[in-house]
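I sat down with this one to see how its strands, loops and pockets are arranged. My notes follow in the order I looked things up.

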Amino acid sequence: NLTMTNTDGRGHLAIYPKEPRPNPYSSVNSMFANQSVANHAIARLHNGKLNVYSLNRSDFVVDINVWQ
């Protein structure tokens, strides 16, 4: 799960496993300032790490579930 909160306004978060960032896409979108939005997203970890890109300023929470 990926949640963005305390947003500055319209924007999005994208998660991806490593650099360089893949083609533009979003995992969760916000439309207004001070909004909290959650979405389920699937991304591969790279060496146990995950990158998060934010178009605008916001806080975010990532809940990671792993299965093999």
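**Entry 1: ground rules.** Before reading any strand partners I wrote down the rule: two strands count as paired if DSSP finds at least two bridges between them. I also noted that this is a predicted model.

**Entry 2: the sheet with β2 in the middle.** I started with Tyr 16, which stands opposite Asn 51 in β5. Which way do β2 and β5 pair, and over how many bridges? I found that strand β2, residues 11-16, pairs with β5 in the antiparallel sense over four bridges. Stepping back, I saw an open sheet of three strands here, in the order β3-β2-β5, with antiparallel pairing. Its edge strands are β3 (28-30) and β5 (51-54), and each of them pairs on one side only. I looked up the twist as well: neighbouring strands of this sheet are turned by 15° against each other on average, ignoring direction.

**Entry 3: the sheet with β1 in the middle.** Next I turned to another open sheet of three strands, ordered β4-β1-β6 and paired in the antiparallel sense. Why is one side of β4 and of β6 left without a neighbour in the sheet? My note says that β4 (37-39) and β6 (59-62) stand at the edges with a single partner strand each, so one side of each has no neighbour there. For this sheet, too, I read an average turn of 15° between neighbouring strands, direction ignored.

I then went through the partners of β1. Strand β1, residues 2-5, is joined to β6 by four bridges, and the two run antiparallel. I picked out two of the residue pairs: Thr 5 has Asp 59 in β6 as its bridge partner, and Thr 3 has Val 61 in β6. Towards β4, strand β1 pairs over three bridges, again in the antiparallel sense. On that side I noted Met 4, whose bridge partner in β4 is Val 37.

A reminder to myself on what holds such pairs together: strands of a sheet pair through backbone hydrogen bonds, either parallel or antiparallel.

**Entry 4: the loop between β1 and β2.** Is Thr 7 buried or exposed? I placed Thr 7 in the loop between β1 and β2, and at 2% relative accessibility it counts as buried, the cut-off being under 20%. I also checked what its side chain meets: a polar atom of the Thr 7 side chain lies 2.7 Å from the backbone oxygen of Phe 32.

Asn 6 is found in this loop between β1 and β2 as well. With a relative accessible area of 37%, Asn 6 is partly exposed.

**Entry 5: two positive phi values.** I checked backbone angles with one thing in mind: most residues other than glycine have a negative phi. Asn 6 has a phi near 55°, which is positive in a residue other than glycine. Asn 34 also has a positive phi, near 60°, and again the residue is not glycine. I located Asn 34 in the loop between β3 and β4, where its 66% relative accessibility makes it count as exposed.

**Entry 6: two more loop residues.** Ala 41 lies in the loop between β4 and β5. At 22% relative accessibility, Ala 41 counts as partly exposed. I looked up its separation from Val 61: the two are 20 residues apart in sequence and 12 Å apart in space, C-alpha to C-alpha.

Asn 56 sits in the loop between β5 and β6, and at 32% relative accessibility Asn 56 is partly exposed. How far apart are the C-alpha atoms of Asn 56 and His 46? I read 24 Å, for two residues 10 apart along the chain.

**Entry 7: the largest pocket.** Last, I looked for empty space. The largest pocket has a volume of about 410 Å³. It is lined by 17 residues, and those nearest its centre are Ile 42, Ala 43, Ile 64, Asn 65 and Trp 67. What kinds of residue make up the lining of the largest pocket? I noted 11 nonpolar, four polar and two charged residues.

Notes. Residues numbered from 1 in each chain as written. Predicted model: local features only at pLDDT ≥ 70, side-chain atom pairs only at ≥ 80, totals over all residues. Heavy atoms only, no water. 1 Å grid on protein atoms, 1.4 Å probe; cavity = no way out; pocket = protein on both sides within 12 Å on 5 of 7 lines; lining within 4 Å. Points joined across faces, edges and corners; volume = space filled by probe spheres on them. Nonpolar A, V, L, I, M, F, W, Y, C, P; charged D, E, K, R; others polar. Axes fitted to C-alpha atoms, helices over the stretch in contact; angles between N-to-C directions. Buried < 20%, exposed > 50% of the residue type's maximum accessible area, 1.4 Å probe, protein only. Polar contact = N/O pair within 3.5 Å; in protein donor to acceptor, adjacent residues only side chain to side chain.
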